Amino acid sequence: MASLEHEEVIVRAGPRSGLAVIVAIHSTHLGQAVGGCRIWRYADWRDGLEDALRLSAGMTRKLAVCGLANGGGKTVVAVPNGATLGEARRADALRDVGEVIASLSGRYATGPDVGTAPADMAIISERTEHVFCQPPELGGSGDSSPHTASGVVAALRAACSRTYGSVDLSRRLFAVSGLGSVGGHVARQLAAAGASLLVSDIDIEKKNLAKELGASWADPDEILTAEADVLIPAALGGVLTRDIVPGLRCTAIVGPANNQLAEPRVAELLHERGIIWVPDYVASAGGVIYALSVELRHETQANAVARVQAIEETVIQILDVSQQTGRAPAYAAQELVRHRLGTPSPHRLAHR
Ligand code: PHE
């Protein structure tokens, strides 16, 4: 039997929405657990549970690797495949989420994730104060996705300086898979830096953004194996499978999608193929770093932005260790996580 890694997992039929509301607290070892609220479609609520378990463990790694004194958690509201949520039922689901979080007395706080935005955080806040990224007019730090995107670009600079000996992104071709809230901002920032772009999304409406940015368009099932310098997975997780590795035609993979590896072993396979994979939990940390710096640590925006930019150094450090040890970057990152988790920060953040 695999042992339970998580501190606490709550699965509740939302009393208002009737939807499966799942809150997984992976760890509070370093401080309050933090992780976004995902509203997504699943074939079965158990798949949503599985997602919450994996995503919350990823949050523990994400927060630890960035040196934040917080642990990992995640909320998933599982919507049955094929169902569309009306506005009222969606708001009910968010109130159900708020109620569960309120019952945890500060051990866990949420924020936006796939399928939620700052306005949704405001609804959650009707029931609990433990929620980040409310709209600025309500005193929150607002949309975290531009900051997540800046963190990805910082990680890209590190990867490019290691693979090509130059941080100049304008000389590179990037393949962006997914133009959602984070992927869209990544593509915009890269276009602004003068980079060449190949983009794709399951929503063909996003072709308009591609046009606006002067980016080429690829089909979603072709983008992962397209020829490019760096592949940027910015859609859902699980895309890097054992089977796809031999077909990849990039030199590095750096993106914000959480849980990109279909199985941990894929990190080794990528390494053996000479493809640098920057762990998703490092590349995607910008949003949560920004929100926690501003809202929990009350730092200035400039300081928070500097912390997001520091992802570049974190990635350099990980790639250096990878080079010195000959092991995959995932291994080096995992060692950093282990080190941080083994030595809880003396500056533990008080629960709000
Ligand atoms: N969705 C964010 C992530 O996966 C979670 C988050 C963002 C939590 C901002 C709090 C604040 O990292």
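Visitor: Which residues in H11 meet Ile311, Glu312 and Glu313 in H12?

Guide: Bear in mind that we're looking at a predicted model. Arg307, Val308 and Gln309 are the H11 residues that meet those three in H12. By class, this contact has 2 nonpolar, 1 polar and 3 charged residues.

Visitor: How do I read the way H11 and H12 cross, and at roughly what angle?

Guide: Start with the angle between the helix axes: under 35 degrees counts as roughly parallel. Here, helix H11 (residues 301-309) and helix H12 (residues 311-325) cross at roughly 20°, and their axes come within 4 Å. That makes H11 roughly parallel to H12.

Visitor: What about H4 and H10, at what angle do they pack?

Guide: Helix H4 (residues 145-164) packs against helix H10 (residues 286-295) at about 125°, with the axes 6 Å apart. Angles of 65 to 115 degrees would be roughly perpendicular and those over 145 roughly antiparallel, so H4 and H10 come out oblique to each other. Their crossing is right-handed.

Visitor: And which residues meet there, between H4 and H10?

Guide: From H4 you have His147, Thr148 and Gly151; from H10, Gly286, Gly287 and Tyr290. Sorted by class, that contact has 1 nonpolar, 5 polar and no charged residues.

Visitor: Now the ligand: how many residues surround it, and which are the closest?

Guide: There are 14 around the ligand, and the closest are Lys62, Lys74, Pro112, Asp113 and Asn258. Look at the N and O atoms next. Lys62 has a polar side-chain atom 2.7 Å from a ligand oxygen, and a side-chain N or O atom of Lys74 is 3.3 Å from an oxygen atom of the ligand. With Pro112, it's a backbone N or O atom that lies 2.8 Å from a ligand nitrogen.

Notes
Residues numbered from 1 in each chain as written. Predicted model: local features only at pLDDT ≥ 70, side-chain atom pairs only at ≥ 80, totals over all residues. Heavy atoms only, no water. Axes fitted to C-alpha atoms, helices over the stretch in contact; angles between N-to-C directions. Helix = DSSP H or I, 4+ residues; strand = E, 2+ residues; numbered from the N terminus. Left-handed = near helix turned anticlockwise from the far one by under 90°. Contact = heavy atoms within 4.5 Å. Nonpolar A, V, L, I, M, F, W, Y, C, P; charged D, E, K, R; others polar. Near = heavy atom within 4 Å. Polar contact = N/O pair within 3.5 Å; in protein donor to acceptor, adjacent residues only side chain to side chain.
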